[in-house]
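User: I am in my first year and still learning how to read a protein model. Could you take a single part of the structure below and go through it slowly, from its ends to its surroundings?

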Amino acid sequence: MSNKELSRQIISLVGGESNVNSVFHCATRLRFKLKDRSKADKAALEKTLGVITVVESGGQFQVVVGNNVGQVYEQIIAETKLQDSDNNGKDESSENANFIGKAVDVISSIFSPMLGALAGAGLLKGLLALFISLHWIDAATGTYMVLNAAADSVFYFLPIFLAFTSARKFGANPFVAVAIAGALVYPAMVAAVGSPDPLTFLGIPIVLINYSSSVIPIILAVWVQSYVEKGFKKIIHESVRNIVVPLLVLVIVVPLTFLAFGPVGDMVSQGLASGYTFIYNLSPLLAGVVAGAFWQVFVIFGVHWGFVPIMLSNLTTLGSDTMIPMLAAAVLSQAGASFGVFLKAKNTKLKALAGSTTLPALFGITEPTIYGVTLKLKKPFIYACIAGGIGGGIIGMGGAEAFAFALPGLLALPTYFGPAFISVAIGITVAFVLSAGLVYVLGFEEPENESANNSQATTMNVESETVIAKEIIESPLQGKIIPLETVTDEAFSTGAMGKGIAIEPSTGRLTSPVKGIVTTVFPTGHAIGITSDEGTELLIHVGVNTVRLKGQYFVKHVVEGQKVEKGQLLLEFNIESIKAAGYIMTTPIIVTNSADYLDVLKTTEAEVQNQDYLLTVVI
């Protein structure tokens, strides 16, 4: 399925565009906030080709699609009126979520849009530190200064990035929020931190703090900004609102941030870093075991976002973080489990899936591996948690540190470069090898075939051959059977669009050949696309070149996204009028994803009625 088709399917199955308050994405998931959860068809989404699984957490309806999530998201934004943002529209799921759910929702909404920039910049910082230690580059050269500026700017100006994403989350003006953050890192204010002369605002002493790379102060400031803005918008006349409201917000929120929110936020950051350090110092070994064993469990429930501010606070206040290296063991153990499934599996589709998800897992993207392979098979996930705990314990006991933020994985290795780097190398190797070994030796319950859970497996006799039928396609028309290769349109006759058959209709009634969802209704009404509940994708094209009629003589009875039953009327058309206009009525019925199946078998009858047997999709 193309990203365009997948995006349409997803929007349809979450209840349509009108049911979506907001949507954004992280590394592998589309994160929806829905108005009415009951309108979303979770079961159908999980069966949709291209969707790995669906997770509900933190008031969000999360559709996991894997590494192409960015392209699917872009298609959703392009084809809908949804904005490229996460607004603060009200939705019942978020309103009714508990405190932890709301906190996770806020943190993920703020940090996930900038995760790629953070990880990329952190990796560049790690590489530069490695190159300097190996004497491959001189810190005094312009080359280093340019690359270091590129790597360090994201972290130095982190409050500005967070201001923008926080404003989108809290429903505040993002440009005013960026102005507030700019004040926090304004050169004169940063320079004043080291000055012996005290600063006051209207006689009130200012606690001078360097807010570069800080996290919590700006989030608190933008949260307050959102309420101040909403209050003034209610009382300021619309003729001057766009000028006066930002003025008042800046005059009120910036001083309050320096006087109150900033120092309080800094205390919270310091407290988080100190609290984590205290727990870590009690037993680095135990901390590593817990992090390595349970990190992917946190990922499944979506609560892993709660640790991101702690990691960033550690990097900001302590200069390094010990949590990130331990998490690398959890990531590599899942990659190892997937690789073990790849080596052990006899089912070709499972083997291919395990092999394809191993590589992204090595680089820190584990959700396709978890939801597509290890968690579905259960035992591999458990083996990976055990191996991750052992590997994490080795890393924790070795005292490894990360000196920049990056997604835990092989690409992040330069960020761990330091005296305890060897413990990371040993820990992730043990996690990967042990996990793969446990899966291969102890095994798992392998599904006999890919269609066991979601297909109608029947044995039948078609064209004198015994086959396993994944799905039976009924005839959508009454008329004469025409071999597809004789259709005058080469797009169909050559098989470029997929395997199928053609019908010369004798009546102008087109009915649904399957139970499923209408994925495409051309505006002209001459063609309809349907995806069955079993995953078969069909295109029915009434006549040849009939698009030129611009809808004349066609009457549509369904719309895109509509669920249909077998035999339900989809379309009516006037055969005589279309022929009189000079068009051929031969109608191809194509299985557009026929490449996913062993074969598409056809009826041997010369003529068919509506709902007669027409095609068999063979697994």
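Analyst: What follows is a close look at one helix, H16, after a few words on the chain that holds it.

The model is a predicted one, and its chain contains 21 helices and 21 strands. Of the 619 residues in the chain, 51% are buried, and among the contacts with a separation of 6 or more, 73% join residues that are 24 or more positions apart.

Helix H16 runs over residues 348–362, which makes 15 residues, and at 1.5 Å a residue these should span 21 Å; the C-alpha atoms at its two ends are 22 Å apart, so the length of the helix agrees with what is expected. At the N-terminal end, Asn347 acts as a cap, with one of its side-chain oxygens placed 3.0 Å from the backbone nitrogen of Leu350. Beyond the other end, just after H16, comes Gly364, whose phi is positive at about 105 degrees.

Turning to the sides of the helix, the residues of H16 that are buried are Leu350, Ala354, Thr357, Thr358, Pro360, Ala361 and Leu362. When reading such a list, it helps to remember that an α-helix has 3.6 residues a turn, so residues three or four places apart point the same way. The cover over the buried residues of H16 includes three other helices, namely H15 (323–344), H17 (367–377) and H19 (421–442).

One of these buried residues, Thr358, deserves a slower look, and it lies within H16 itself. Its relative accessible area is 7%, and because the limit for a buried residue is under 20%, Thr358 counts as buried. If neighbours within four places in sequence are left aside, the residues in contact with Thr358 are Ala335, Ser338, Phe339 and Thr369. With Phe339 there is also a polar approach, since a polar atom of the Thr358 side chain lies 3.5 Å from the backbone nitrogen of Phe339.

For contrast, consider a residue in another helix, Val290, which lies in H13. Val290 has a relative accessibility of 36% and therefore counts as partly exposed. Together with Leu285, Leu286, Val289, Phe294 and Met397, Val290 forms a nonpolar patch on the surface, with about 540 Å² of accessible area in total. Helix H13, covering residues 284–301, gives the largest share of this patch, 5 residues. As a setting for that figure, the whole chain exposes about 27200 Å², of which carbon and sulfur atoms supply 62%.

Technical notes: Residues are numbered from 1 along each chain as its sequence is written. This is a predicted model: local features need pLDDT of at least 70, side-chain atom pairs count only at pLDDT 80 or more; totals for chains, interfaces and linings use all residues. Side-chain values use heavy atoms; hydrogens and water are left out. Patches are made of residues with over 30% relative accessible area and no salt bridge: like charges are joined within 9 Å, nonpolar side chains (Val, Leu, Ile, Met, Phe, Trp, Tyr) within 5 Å. Accessible areas come from the Shrake-Rupley method with a 1.4 Å probe; for residues, only the protein chains shown count as cover. A salt bridge is a side-chain nitrogen of Lys or Arg within 4 Å of a carboxyl oxygen of Asp or Glu. Helices (H or I, at least four residues) and strands (E, at least two) are DSSP runs, numbered from the N terminus. Buried means under 20% relative accessible area, exposed over 50%, partly exposed in between (1.4 Å probe, protein chains only). The expected span of a helix is 1.5 Å times one less than its number of residues. Contact means heavy atoms within 4.5 Å. A polar contact is a pair of N or O atoms within 3.5 Å; within protein, one must be able to donate a hydrogen and the other to accept it, and residues adjacent in sequence count only if both atoms are side-chain atoms.
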